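Hi,

Here is the structure I said I would pass on. Have a look at it first, and then read on for what turned up.

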Amino acid sequence: PIMVVDENGRYIKANQAALDFLECSLEELQQKEVWDWTPPGREKQEREQHTPFSTPRTVETRYWVNGKIKTLILNVVPLELEGEKVLYGIGQDITELKEIESARRQSEEKFRGITERLFDVVFTTDKKGRLTYLSPSAELVFLCRPEERFGKHFIDHLAESERPIIQQLFEQLLEGGDIDIFEIEARRKDGSPVRIQINASALIE
């Protein structure tokens, strides 16, 4: 989307992509100011941000369009057009990306809310096996705070004799397999042994 507004924030021109994004005609747009699209409660902030535009900048801008939030990454450049100072904006619609991020964030919050109430230890790793999440119950089992283990390989918590078979199972996980109730010996922070059962599935992004 490409839009042009004057010093007072009134729309002058826009291409078809901008009109599609804002779901209006050019005639309708030219009757509006930039803060007419401001989400409820943000007009004062939007006006303050508009006034100081004197140098090119990139801003993430939210629009209230027909009762829903849409988002642009907007590259704004002050120009002089036909003797008038204007703001020339070229944007990229990231509405869908923001919705995906929001859904993912809500899913992660729900996941943490569930796992933090369990007595079982829940963990996640990246593709290299480094721990990215460890539920609070790990402190009871491994005698360490979860954040102490973030970024470390999960296999470091296992007895030496268990590591080769677990490495093989982890490689199977990366190929889409599962681990069903596999009992192994792990090591607590103080080095003492503890028997645990593992159930694991691959959730590869």
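Let me start with the pairing of β8 and β9: strand β8, residues 178-187, runs antiparallel to β9, and eight bridges join the two. One of the bridge partnerships puts Ile179 opposite Ala200 of β9. Five residues sit between the strands in this hairpin, and Gly191 has a positive phi there, near 90°. Please keep in mind that this is a predicted model.

Strand β9 itself, residues 193-201, has two distinct faces. Val194, Ile196, Ile198 and Ala200 make up the covered face, while Pro193, Arg195, Gln197, Asn199 and Ser201 are on the uncovered one.

One of those covered residues comes up again in the core. The largest nonpolar core has 19 residues, and Ile196 and Leu158 are the ones that touch the most other members. At least two residues of this core come from each of β7 (131-134), α5, α6, β8 and β9. Leu158 has contacts with Arg163, Ile166, Ile184, Glu185, Ala186 and Arg187, if you leave aside neighbours within four places in sequence. There is also a second, separate core, with 17 residues, among them Met3, Leu19, Cys24 and Tyr63. As general background, nonpolar side chains tend to be buried together in soluble globular proteins.

Now the aromatics. The count comes to three aromatic pairs. Phe21 and Tyr63 form an edge-to-face pair, because their planes are at 90°, with the ring centres 5.4 Å apart. Phe21 belongs to helix α1 (residues 16-22) and Tyr63 to strand β3 (residues 57-65), so this pair ties together parts that are 42 residues apart in sequence. Both partners are buried: Phe21 has 4% relative accessibility, and Tyr63 has a relative accessible area of 4%.

Phe154 and Phe170 make a tilted pair, since their planes are at 50°, and the ring centres are 5.3 Å apart. That pair links distant parts of the chain, 16 residues apart: Phe154 is in the loop between α5 and α6, and Phe170 is in helix α6. Phe154 is buried at a relative accessible area of 11%, and Phe170 is buried at 9%. Add Phe123 to Phe154 and Phe170 and you have one aromatic cluster.

Two loop isoleucines are worth a look as well. Are they buried or exposed? Ile94 counts as buried because its relative accessible area is 10%, under the 20% cut-off. Ile155 is buried too, with 11% relative accessibility.

Ile94 sits in the loop between β5 (84-93) and α4 (95-115). Not counting residues up to four places away in sequence, Ile94 touches Glu60, Thr71, Leu72 and Ile73. For Leu72, the C-alpha to C-alpha distance from Ile94 is 5.6 Å, although the two are 22 residues apart in sequence.

Ile155 is in the loop between α5 (138-142) and α6 (163-174). With residues up to four places away in sequence again not counted, Ile155 touches Arg163 and Gln167. Ile155 and Ile166 are 11 residues apart in sequence, and their C-alpha atoms are 7.6 Å apart in space.

Finally, the chain as a whole. It has six helices and nine strands. How does the radius of gyration of the protein chain relate to that of a compact globule of 205 residues, and what is it? The protein chain has 27 Å, whereas such a globule would be near 17 Å. Taken along the principal axes, the C-alpha atoms fill a box of roughly 80 × 30 × 30 Å.

As for burial, 32% of the 205 residues count as buried. The exposed area of the protein chain is about 13,300 Å², with carbon and sulfur atoms supplying 50% of it. Among the contacts with a separation of 6 or more, residues 24 or more positions apart account for 36%.

If you only have a few minutes, I would start with the β8 and β9 hairpin and its Gly191, then go to Leu158 and Ile196 in the largest core, and then to the cluster of Phe123, Phe154 and Phe170.

Cheers

Terms used:
Residues are numbered from 1 along each chain as its sequence is written. This is a predicted model: local features need pLDDT of at least 70, side-chain atom pairs count only at pLDDT 80 or more; totals for chains, interfaces and linings use all residues. Side-chain values use heavy atoms; hydrogens and water are left out. Buried means under 20% relative accessible area, exposed over 50%, partly exposed in between (1.4 Å probe, protein chains only). Helices (H or I, at least four residues) and strands (E, at least two) are DSSP runs, numbered from the N terminus. Two strands pair if DSSP finds at least two bridges between them. Contact means heavy atoms within 4.5 Å. A nonpolar core is a set of buried Ala, Val, Leu, Ile, Met, Phe, Trp, Tyr and Cys residues joined through side-chain atoms within 4.5 Å. The radius of gyration is taken over C-alpha atoms; the globule rule is 2.2 Å times the number of residues to the power 0.38. Accessible areas come from the Shrake-Rupley method with a 1.4 Å probe; for residues, only the protein chains shown count as cover. Rings of Phe, Tyr and Trp (its six-membered ring) pair if their centres lie within 6.5 Å; planes under 30 degrees apart count as stacked, over 60 as edge-to-face and the rest as tilted.
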